[in-house]
Amino acid sequence: MLKRAVLVQHVPVPRASSFTHWLQSAMQQTWFYTLGAVVLVIYVTPFLWMILGSLRREVEIFQYTYPLTWRTFVPVEWSLKNFLDVLGMSPEGNSFGLNFGRALANTALVSAAVVASSLVVNTMGAYFFARLDFPRKGFLLLFVIATMLIPFEAVMVPLYIVVRSLHLQDSYWALILPWYASPFVIFALVQFIGEIPKELDEAAIIDGASHVGVLRHVIIPNAVPGLVTTALLEFQFIWNLFYWPLIAVGSKDLQTIQVAIAQQTTQTQVYWGRIFAGSVLASVPVILLFLLMQRYYVKGVVMSGLKG
Amino acid sequence: MSAVAAPAIPQARRWWTTRRRSYAIAFLFIIPALVNFAVFRYLPILAAIRSSLWQYSLLGGYGQFIGLQAYARMLQDPIFWKSLQVTTVYVATKVPAQIALSMGLALFLARENRFAAFVRSAIFAPVVSSIVVVSVIWALMYHVQLGLINSIITSVGLPRIAFLSNADLALTAIVIMMVWKEIGFSMIILMAGLKGIPDMFYEAARIDGATRWQQFWSITLPLLRRVLMFVVVTQTIFSFQVFVPVYTMTKGGPLDATKVIVYYIYQHGFLFQDMGYAAAMSTLTLMILLVVSAVQMRLLRSEVDY
């Protein structure tokens, strides 16, 4: 491909007077920042409303809705009561049987188990497809990739039938086992492992390393960015999952945070402050992770989008 | 390999050769994943087909063979047809709106600029947030009396709007929210696609005096077709299975105006205790989506590389 600089040199640039030039670029800049600010407001307002709403008393939320002023958003009296309520640390919260702390712990446990097991299983699977010799490997790869075509939410009811016939329903196993392997993660990791030079594992094998040794000393250290990306996406997927935990688990002790929040909206009286507080608690881990590791997220999404 | 061992063993060649042994070891690496896919991805499909052809209930298990009765019932069920219609309308409005807007935002924000990067992160934040949180917060924002959106609407002197309890508006309200939530996802993919278009095409067009609009129609769009098609395919299949916003915001109402197919299946399976019918509808949805993705995959494959 031609270098850009070479081409640009020969393009005749129409010379404008410095004032019209300045005016034009100033207008472009104004347009860019105005439109950008509008988009920003549309995206930030709901989050701001949720976070600030969680920090004020229920009465106050309704009192300042009309008219629309800065008080609609900013609390008059800051309060952590909503958080104490949903965590079951206040008398009211207790009397409602609220225990989002338990729900958060459940969600964290399930997410950790799925991410850990899926890192092991999917890395092994990807190593198989990228490096190992096996008859009709292409057919097995097709078997794996075709699962990506199975519509996810549409098979939740049949999945429940299967999990029930295995007597796994209403247990942590029901929340963990269906997700310990992922065709997408295997596919992504095959690509990451493919970028590691084969000579490295051949050298390790000559030195007497087994497959496990090659994985531990060659593949895993060299595939860290890929592992981080897929672990992040997997964590976000499991943490945010709703339909499956809703149907797979009935007892309250096993509820995940998403189910606990949704349940708050189905009662006769809806407590807005508690919903805000619960939503903040449920969003903090994923949003923090996203802000800290944005680069990996974007890479993962782009990989899922451009693999074709 | 086994030929070397042959003189030592006078009979036929050994079955357990070094090669077979290495295959067996290799297979150990893929077994856990294959078991997962077989049990939790493929078996549900068979279970769906089976429980749609036999009488089935969660407590009683499988009963007598009823053949295609459940499917015949679907044809007679006006709410089933309504739910297919609602789902189609949802997909047909949400996907084009989302793709057009994310295309615009991708072009607008594809620049090296702190502010642009900040706006991009803000747009991506709802993508990582859970759909439960987003739809619950939006349900409160849409609230007739106390919602933020009505507060904004009345502050400019317009009458209040009952977004979620008006049968004509509820689906649109859900579409708007879901477009808001998922734009970031398609925007990031389209931006990566835009980066992949070589600069020389634009430079050549500029030398020929093409306007930016002409550049967009004759360079960007054609060269982005593959990526665009991919986004359309995945978003269509994904949106067809919308469930959570309906569950948390409208419960399928008002007047079934938001009763999408996956929600209707959920109702039959878990609220009406009619698992067999739910399984039959799942099977049909599965088949519809497989046909859709097969057709779209074919379209994708026929594309020419640049």
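Helices in this text are DSSP runs of H or I of at least four residues, numbered from the N terminus. The model is predicted.

**Exercise 1. Place A:E153 in chain A and decide whether A:E153 is buried or exposed.**

Solution.
Step 1. Find the residue among the helices: A:E153 sits in the loop between α7 (137-146) and α8 (156-165) of chain A.
Step 2. Apply the cut-off: a residue is buried if 20 or more other C-beta atoms lie within 10 Å of its own.
Step 3. A:E153 counts as buried, because there are 23 C-beta neighbours inside 10 Å.
Step 4. List the contacts, leaving out residues up to four places away in sequence: A:E153 touches A:Y243, B:Q241, B:F243 and B:V262.
Step 5. Add a distance along the chain: A:M124 is 29 residues from A:E153, and their C-alpha atoms are separated by 27 Å.

**Exercise 2. Do the same for B:V232: find its helix and its contacts, and say how exposed B:V232 is.**

Solution.
Step 1. B:V232 belongs to helix α11 (residues 225-240) of chain B.
Step 2. The cut-offs are 20 or more neighbours for buried and 12 or fewer for exposed, with partly exposed in between.
Step 3. B:V232 has 18 other C-beta atoms within 10 Å, so B:V232 is partly exposed.
Step 4. Apart from neighbours within four places in sequence, B:V232 is in contact with B:V95 and B:I99.
Step 5. B:N166 lies 66 residues from B:V232 along the chain, with 29 Å between the two C-alpha atoms.

**Exercise 3. Check the span of α2(A) against its number of residues, then describe its bend and its buried residues.**

Solution.
Step 1. The expected span is 1.5 Å times one less than the number of residues.
Step 2. α2(A) has 37 residues and should therefore span 54 Å; the C-alpha atoms at its ends are 52 Å apart, which agrees.
Step 3. Look for a bend: α2(A) has a kink of about 35° at A:V44, shortly before the proline A:P46.
Step 4. The buried residues in α2(A) are A:G36, A:Y43, A:P46, A:F47, A:M50, A:G53 and A:S54.
Step 5. Within chain A, these buried residues pack against α3, α4 (81-86) and α16 (272-292). In chain B, their partners are α5 (114-128) and α6 (131-141).

**Exercise 4. Describe the domains of chain A and the contact between them.**

Solution.
Step 1. The domain assignment gives domain 1 (23-79) and domain 2 (100-306) of chain A.
Step 2. The C-alpha centres of these two domains of chain A lie 35 Å apart.
Step 3. Count the contacts: 7 residues of domain 1 of chain A are in contact with 7 residues of domain 2 of chain A.
Step 4. On the side of domain 1 that touches domain 2, α2 (18-54) and α3 (58-63) of chain A each supply at least two residues. α2(A) gives the most, with 4 residues.
Step 5. By class, this side of domain 1 of chain A has 3 nonpolar, 2 polar and 2 charged residues.

**Exercise 5. Describe the domains of chain B and the side of chain B that touches chain A.**

Solution.
Step 1. For chain B, the domain assignment gives domain 1 (2-47) and domain 2 (74-301).
Step 2. The centres of the two domains of chain B, taken over C-alpha atoms, are separated by 45 Å.
Step 3. Turn to the other chain: 81 residues of chain B are in contact with 80 residues of chain A.
Step 4. Helix α2 (residues 18-53) of chain B gives the most to this side of chain B, with 20 residues.
Step 5. The side of chain B that touches chain A has 61 nonpolar, 15 polar and 5 charged residues.

**Exercise 6. Set out the overall form of each chain.**

Solution.
Step 1. Chain A has 17 helices and 0 strands, and chain B has 14 helices and 2 strands.
Step 2. Chain A has a radius of gyration of 26 Å, whereas a compact globule of 308 residues would have one near 19 Å.
Step 3. Chain B has 27 Å, whereas a compact globule of 306 residues would have a radius of gyration near 19 Å.
Step 4. Along the principal axes, the C-alpha atoms of chain A fill a box of roughly 80 × 70 × 35 Å, and the C-alpha trace of chain B spans about 95 × 65 × 30 Å.
Step 5. Buried residues make up 42% of the 308 residues in chain A and 40% of the 306 residues in chain B.

How values were computed
Residues numbered from 1 in each chain as written. Chains lettered and ligands numbered in written order. Predicted model: local features only at pLDDT ≥ 70, side-chain atom pairs only at ≥ 80, totals over all residues. Domains from an automatic or database assignment. Contact = placed C-beta atoms within 7 Å. Nonpolar A, V, L, I, M, F, W, Y, C, P; charged D, E, K, R; others polar. Bend = angle between axes of the 7 residues up to and from the residue. Rg over C-alpha atoms; globule rule 2.2 N^0.38 Å.
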